[in-house]
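Visitor: I am new to this structure and would be grateful for a close look at a single part of it. Would you please choose one helix, and set it beside the cysteines, the aromatic rings and a few further residues?

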Amino acid sequence: MQHQEIVIIDYGSQYAQLIARRVREAKVFCTIKTPKVTAEELRALQPIGVILSGGPNSVYEQGAPSLDAGILDLGVPVLGICYGMQLISHLLGAKVQPAEHREFGHRTIERSGALDHGLFAGTPDSQVVWMSHGDQVEDKAGLFEVLAATASCPAAAVRFRSGTRRLYGLQFHPEVVHSAHGTRVIANFLTEICGARCDWKMSSFIEDWTQRIQELTKGKRVLCGVSGGVDSTVAAVLVHRAIGDRLDCVFVDNGLLRAGESDEVVSFFKDSFHMNFLRVDARERFISSLAGVTDPEQKRKIIGRVFVEVFRAEQQRAQQHGAEFLVQGTLYPDVIESQSAFGGPTATIKTHHNVGGLPKDLGFRLLEPLRDLFKDEVRALGHELGIPDHLVWRQPFPGPGLAVRLLGAITEERLDLLRRADLVVREEIVRAGLERELWQSFAVLLPVQSVGVMGDGRTYDLTCAVRAVTSVDAMTAEWARLPYDVLATISRRIVNEVRGINRVVYDISSKPPATIEWE
């Protein structure tokens with residue numbers, strides 16, 4: 001059975017990914033597309049509905065992203081959120097203008113119950129929502145019915161009068177947690193208006209991708225780069241389920257892993273999963289290539305380049321056995337941050353070394369079965385595949401490894417300091433029973449020295465930052481309020497056990513404005 005799909009068109013909102021999360025949580029599959037997507041392209045996808053995200057532009061700005069008007073005639077419901085609502089209004093001939101009273105933050109909307117049409121079913125007549133807009137729609141031509149309003153926004157939710165077309169608009173953001181009943185409003189759009197079956201689940205994903213992998217590979221061998229992290233592990237197990245011994249796993253030991261991690265990876269794949277497995281010791285090559293490099297983007301690009309070079313060295317061996325595909329554990333947040341939501345106007349945050357394809361002369365086709373999934377969905381997939389809990393719940397670890405947690409130049413000596421400090425953090429978080437509550441917890445070695453006193457003597461040593469965050473999908477994150485006694489123990493152990501560090505600080509920055517990793 002073909003799965004129903006919702007298409008989200010990203011107009012540059014950092015909330016576009018939250019819309020996707022809410023749709024997925026309602027058990028409906030969705031994808032994010034750029035405003036350049038055409039009506040014909042969407043018709044081929046046969047979505048049951050379309051959602052237009054918010055964005056930073058005004059519809060009248062030169063170069064402001066627009067919409068192929070034919071999308072409104074596809075015969076499926078369209079929901080415009082904030083800028084998306086203003087864009088539909090503009091295309092239909094309504095006036096969009098600067099609001100007399102801009103709205104940013106919490107506002108209370110009052111529903112017009114008689115004109116509900118299902119969008120607000122099961123929600124109170126008066127409810128708190130999150131607004132973030134400077135423009136609003138004026139409807140002197142009577143193009144829409146008002147479903148809800150605030151004291152300063154007479155059209156907070158509308159249904160457009162547009163013949164047989166089912167077009168809706170919300171000036172507020174239902175996708176954020178600050179909108180008290182926003183999740184229900186989105187679910188209502190999916191079920192009451194789009195007729196969604198809400199039957200998309202991980203078991204279906206496994207069935208679909210098992211068949212797709214078999215059809216794509218057509219009996220050829222497949223090479224998979226594994227790191228031991230959740231993403232590459234789940235990707236490898238999924239592909240192995242589909243093609244068995246035609247999968248060859250290669251682990252590139254780049255010398256940038258945490259304490260004891262390299263040996264753990266070998267044990268996981270050889271002993272637990274019994275896969276064809278090769279460990280390539282490239283530690284010296286990576287470290288020497290990074291010598292003297294301090295810029296974080298340069299580090300990422302060098303690590304990506306050396307990774308490809310190492311695979312080139314393995315290419316001949318793999319191709320002699322018929323390998324034509326390379327598996328990567330790329331996730332949706334990686335794609336969003338690196339490529340602006342498939343080319344959309346969302347700001348690029350940082351590059352990810354596993355995003356953007358492979359050099360054409362490498363000779364492999366890319367296979368990314370997790371590319372449309374968020375991290376919590378990957379964990380759910382791991383459970384479905386029978387991967388042990390201690391692997392499924394392993395904290396995310398960046399592709400460039402400790403290189404982006406060691407600020408400044410990369411040296412073996414500084415890596416050793418960071419590994420030892422990071423091990424203390426991990427041990428104490430586990431001892432406190434906090435591992436499952438945190439998205440990530442780790443140490444960062446800073447290129448900052450400060451004066452200290454140890455044993456009545458003066459020290460001038462390095463500073464270690466401790467980072468712990470909570471998150472659902474890494475698109476946003478909140479710094480974790482760790483117990484003081486846990487922080488005190490971490491600090492005391494690092495200073496006492498890691499010679500060369502005399503000061504520990506705790507990072508209390510959230511994402512945004514910061515990122516989870518320091519580089």
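**A helix and its surroundings**

Guide: The structure, which is a predicted model, holds zero disulfides. Cys30, for example, is in no disulfide, and the nearest cysteine sulfur, that of Cys194, is 12 Å away. Cys30 counts as buried because its relative accessibility is 0%. Cys194 is likewise buried, at 12% relative accessibility. The closest cysteine sulfur to that of Cys194 belongs to Cys198 and lies 10 Å away, which is too far for a bond. The limit applied here is 2.5 Å between the two sulfur atoms.

The helix chosen for the close look is α7, which covers residues 261-272. Helix α7 has twelve residues, and from its first C-alpha to its last it reaches 15 Å, close to the 16 Å expected at 1.5 Å a residue. Its buried residues are Glu261, Ser262, Val265, Val266, Phe268 and Phe269. They cover an arc of only 160 degrees around the axis, and therefore lie on the same side of α7. The face turned away from this buried side carries the exposed residues Asp263 and Asp271.

What, then, do the buried residues of α7 pack against? Their partners are the strands β10 (221-226), β11 (247-253) and β12 (276-281), together with the helices α6 (230-243) and α12 (389-392). After α7 comes His274, whose phi is positive, near 55 degrees.

Two of these partner strands also meet through aromatic rings. The count of aromatic pairs in the model comes to nine. One of them joins Phe251 and Phe277, a stacked pair with 6.4 Å centre to centre and 25 degrees between the planes. Phe251 belongs to strand β11 and Phe277 to strand β12, and the pair links distant parts of the chain, 26 residues apart. Both Phe251 and Phe277 are buried.

The pair of Trp479 and Tyr506 is edge-to-face, because the ring planes stand at 75 degrees with the centres 6.2 Å apart. Trp479 lies in strand β17 (residues 478-479) and Tyr506 in strand β18, so this pair ties together parts that are 27 residues apart in sequence. Elsewhere, Phe29, Trp200, Phe205 and Trp209 form one aromatic cluster.

The segment after β18 (501-506) contains Glu519. Glu519 is buried, with a relative accessible area of 12%. Its side chain makes a polar contact, at 3.0 Å, with the side chain of Lys299.

A last residue to consider is Leu462, in strand β16 (residues 457-470). Leu462 counts as buried because its relative accessibility is 15%, and the cut-off for buried is under 20%. Leaving aside residues up to four places away in sequence, Leu462 touches Leu417, Leu445, Leu446, Val448, Gln449, Gly500, Ile501, Asn502 and Arg503. Among these contacts are Ile501, Asn502 and Arg503, which fall within the range 501-506 of strand β18. By contrast, the C-alpha atoms of Leu462 and Arg317, which are 145 residues apart along the chain, are separated by 44 Å.

To return to the helix: the buried side of α7 holds Val265 and Phe269, among others, while Asp263 and Asp271 sit on the face turned away from that side.

Conventions:
Residues are numbered from 1 along each chain as its sequence is written. This is a predicted model: local features need pLDDT of at least 70, side-chain atom pairs count only at pLDDT 80 or more; totals for chains, interfaces and linings use all residues. Side-chain values use heavy atoms; hydrogens and water are left out. Buried means under 20% relative accessible area, exposed over 50%, partly exposed in between (1.4 Å probe, protein chains only). Helices (H or I, at least four residues) and strands (E, at least two) are DSSP runs, numbered from the N terminus. The expected span of a helix is 1.5 Å times one less than its number of residues. The arc is that of the directions from the helix axis to the C-beta atoms. Contact means heavy atoms within 4.5 Å. A polar contact is a pair of N or O atoms within 3.5 Å; within protein, one must be able to donate a hydrogen and the other to accept it, and residues adjacent in sequence count only if both atoms are side-chain atoms. Rings of Phe, Tyr and Trp (its six-membered ring) pair if their centres lie within 6.5 Å; planes under 30 degrees apart count as stacked, over 60 as edge-to-face and the rest as tilted.
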